Amino acid sequence: MSAPTWAALRSEFPTLANWTYLDVARKTVAPRCQERAMQEYCRDVYENAGADAWSAVNVAETRAVMAWLLGAKPSEIAFTKNTTEGLNIAAHGFALEPGDNIVLTNLEHVANVWVWKHWEQKGVEIRFARHLDGRLPLEAFLEKMDGRTRVVSTAYVTYGNGYRVNLPELGRVCRERGVRLVVDGVQAAGILAAPLNELGADIISIGGHKGLFGLTGSGLVYCREELVNQLRTDFVKQPAAAEPAARAHVVSQFDYVRTAHRFEGGNPNFLGIRVLRHGAGFIQSIGLKHIEQRVRALTTTCLKLLKAAGLKSLTPHAWEERAQIVNVLVPNAAQLMERLKEKHRVVTNVKDDALRLSMSFFNNEEDLERAMHALRRELAAKSAPARSLRAAGSALDVGPD
C-alpha cells in the first residue's frame, strides 16, 4: 500500500478548519465517513422502513470487518456500548474464591477499578502494581503477583502519560502462571498496528469513539476463542453447542452460540455498528501501519518541541513505550487548558494534574507548533505578574531600621 497523502486526509475532518485539535485520547473529531454513515442509515429508514438499517446481516458483516481490521476472528468479537461494558463483562466472568487476588495498576482509568471492586466483598483482594516514574515494566506486575493471583487487568496505553505496557511480555508470564490477562485497549485501537491476537491477552475491551472513528455508545470486546465458553454471562441464553456459529446474528439476534456473541443481549446498536464499519473502511484505506508511523513521527516532534521549550513530560521517549499521548508538566494545568481553548482554539485535556496532548494522523506539524506557541505564551503571561510582584517587593525592601 502506497504512503497516504496526509494533507488530503486532513480535509476529511471539517473540525480542523476551526480548531487545533489535540484531544483524540478523549474523543476523536468526526471524519466525513461518519456523517455519510448516519445519512445512509436515516435514508434507509425513511425510504425502506429500515430494511438495511436494521439488518442483522450487516451486523454480522461488520463484525467480520472489525475482526479483520483488529486482528481477530469474528467469533472472538462482541459489540458493546463502551470500554467499561467490556471490562465489566470480564470482571464478572471469572470464578474466583476468597483468598484469590486481582492485580490492577495505579495508572488505570477509574472504570478499570470500579468494575473489579465487587470482588472485595467476596474475600478477593485487589492489589495495585505501582508505576516507576510513569512506567509499568514487567517488574511492577511481578512484584504484586503470587500463587493466588487469578487476574491481571491493565490498560494497553495508559490514559494519563500514555505509557504503553509490553503486553506480549506480560501475557507470556500470565499464561505461564495460569493467570487471565484483561486489557483496556481503547487508547491503542486505530493507532497501533499490532493484531489483538498477538498481544497475549485473554480479553481486550475497546470503546469505538476514539481511534476507531465511531460514535459514543458503541464499542467491542475481544475474547480469546478458547476462553469464550468458560466465562460466566448473565445474558439471555447460554451457548448451545448444536447451533452452528455461522447462524449468529444472521437469522436472529437471539442466536447465542459458542462465540463471543453470547456476551451481547437484545438489539444491537445498529447505527453505532454502521458507523464503526465506515470508520474501519476509512482506516483500512489508509493502513494501520501507516497510521502508527505517522503518530510516531508527530509525537516525536511534540516531545522535541517540549524539550526545546524547557518543558517536562512524563511520556517515555522510546516509541515502544508510548503511543499517541504526550503529557506536559505545568502549574495550574486545568486553567491553562481552558485558556488554550478560549484564547487560541487549541483543544487539549488534563489528566493526573498534567496537560495532555494527544494526536492522530490527521494532525500535522503546524498543529504542534501552534499549540506550543500558545502554550509558551500563556505560561509566560501567567508568570509575568509573579515577576512584577517580586520586583515590587524588592524595590520596597529598604532593609532594617
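This is a short talk on one sheet and a few helices in a predicted model.

Some ground rules. Local features need pLDDT of at least 70 and side-chain atom pairs count only at pLDDT 80 or more, while totals for chains, interfaces and linings use all residues. Residues are numbered from 1 along each chain as its sequence is written, and side-chain values use heavy atoms, with hydrogens and water left out. Helices (H or I, at least four residues) and strands (E, at least two) are DSSP runs, numbered from the N terminus.

I start with the sheet. It is open, has 7 strands in the order 2-8-7-6-5-3-4, and its pairing is mixed. Two strands count as paired if DSSP finds at least two bridges between them. Strand 2 (77–80) and strand 4 have a single partner strand each, so they stand at the edges, with one side of each left without a neighbour in the sheet. From one strand to the next, the twist averages 20°. Angles run from 0 to 180 degrees between N-to-C directions, and axes are lines fitted to C-alpha atoms, for helices over the stretch in contact.

Helix 3 (residues 56–70) packs on this sheet and touches strand 2, strand 7 (203–207) and strand 8 (219–223). Contact here means heavy atoms within 4.5 Å. The direction of helix 3 makes about 110° with that of strand 2.

Now strand 3, residues 101–105. How many of its residues are buried? The count is 5 of 5, where buried means under 20% relative accessible area and exposed over 50%, with partly exposed in between (1.4 Å probe, protein chains only). In a regular strand the side chains alternate between the two faces of the sheet. Here, Asn101, Val103 and Thr105 point one way, and Ile102 and Leu104 the other.

Strand 3 runs parallel to strand 4 (residues 125–129), joined by 5 bridges; Thr105 has Ala129 as its bridge partner there. With strand 5 (residues 149–155), strand 3 also pairs in the parallel sense, over 3 bridges. In that pair, Val103 is bridged to Val152.

Last, helix 2, residues 32–48. Its buried residues are Cys33, Gln34, Ala37, Tyr41 and Asp44. Why are they on the same side of helix 2? Because they cover an arc of only 115° around the axis, taken from the directions from the helix axis to the C-beta atoms. These buried residues pack against helix 8 (270–286). On the other side of helix 2, Tyr46 and Glu47 are exposed. Just after the helix, Ala49 takes a positive phi of about 60°.
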